[in-house]
Amino acid sequence: MSSPVSPEHAPRRSQVVLVEPALSQLAKFTAAETHRLDRAIVAISVNPELGTPVPDTLLRDYVDDIDGVRVIYYVTALRPAVISGLCGVVAAQSFAAV
């Protein structure tokens, strides 16, 4: 018996890359905050177009009001989502300006 979502039918996830500024922010999060952010990153990896385009840039702005998470990222031509350092958990940290 096969599972309802077999690997060949599962949505393909984009690779998500966190560069140095994002990694520095992540190091300051608690385990619970990291878990909340991880859920947002998984959502972005499944659908890189999820975020709202930031006008006049290549950036996208994803906000999850339920988990209180915001991620600014861009999608490369080969579809990996690159999180360049503007990510945060609302309860823990204010967001840096672009």
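Biologist: Which residues does Y62 touch, not counting residues up to four places away in sequence?

Modeller: Good place to start, keeping in mind that this is a predicted model. Beyond those sequence neighbours, Y62 touches A40, A43, I44, L50, G51, V69, R70, V71 and Y73.

Biologist: Which residues make up the largest nonpolar core?

Modeller: Y62 is one of its nine residues, and the others are F29, L37, A40, I41, I44, V69, V71 and Y73. Two elements, α2 (31-46) and β4, each give two or more residues to this core. Helix α2 provides the largest share, with four residues.

Biologist: Now a charged residue, please. Where is D67, and is D67 buried or exposed?

Modeller: Look between β3 (59-64) and β4 (69-75): D67 is in the loop that joins them. D67 counts as buried because its relative accessibility is 15%, and the cut-off for buried is under 20%. Leaving aside neighbours within four places in sequence, D67 is in contact with R36 and R39.

Biologist: And how should I read the confidence values?

Modeller: The general idea is that where pLDDT is low, the predicted coordinates should not be read in detail. Here the mean pLDDT of the protein is 73, and 65% of its residues reach 70 or more.

Biologist: Which elements have the lowest and the highest mean pLDDT?

Modeller: Strand β5 (residues 81-89) has the lowest, at 56, while strand β2 (residues 52-53) has the highest, at 93. Over residues 90-98 the pLDDT is below 50, and this stretch has 15 contacts in the model beyond near neighbours in sequence.

Note on methods:
Residues numbered from 1 in each chain as written. Predicted model: local features only at pLDDT ≥ 70, side-chain atom pairs only at ≥ 80, totals over all residues. Heavy atoms only, no water. Buried < 20%, exposed > 50% of the residue type's maximum accessible area, 1.4 Å probe, protein only. Contact = heavy atoms within 4.5 Å. Core = buried A, V, L, I, M, F, W, Y, C linked by side-chain atoms within 4.5 Å. pLDDT = per-residue confidence, 0-100.
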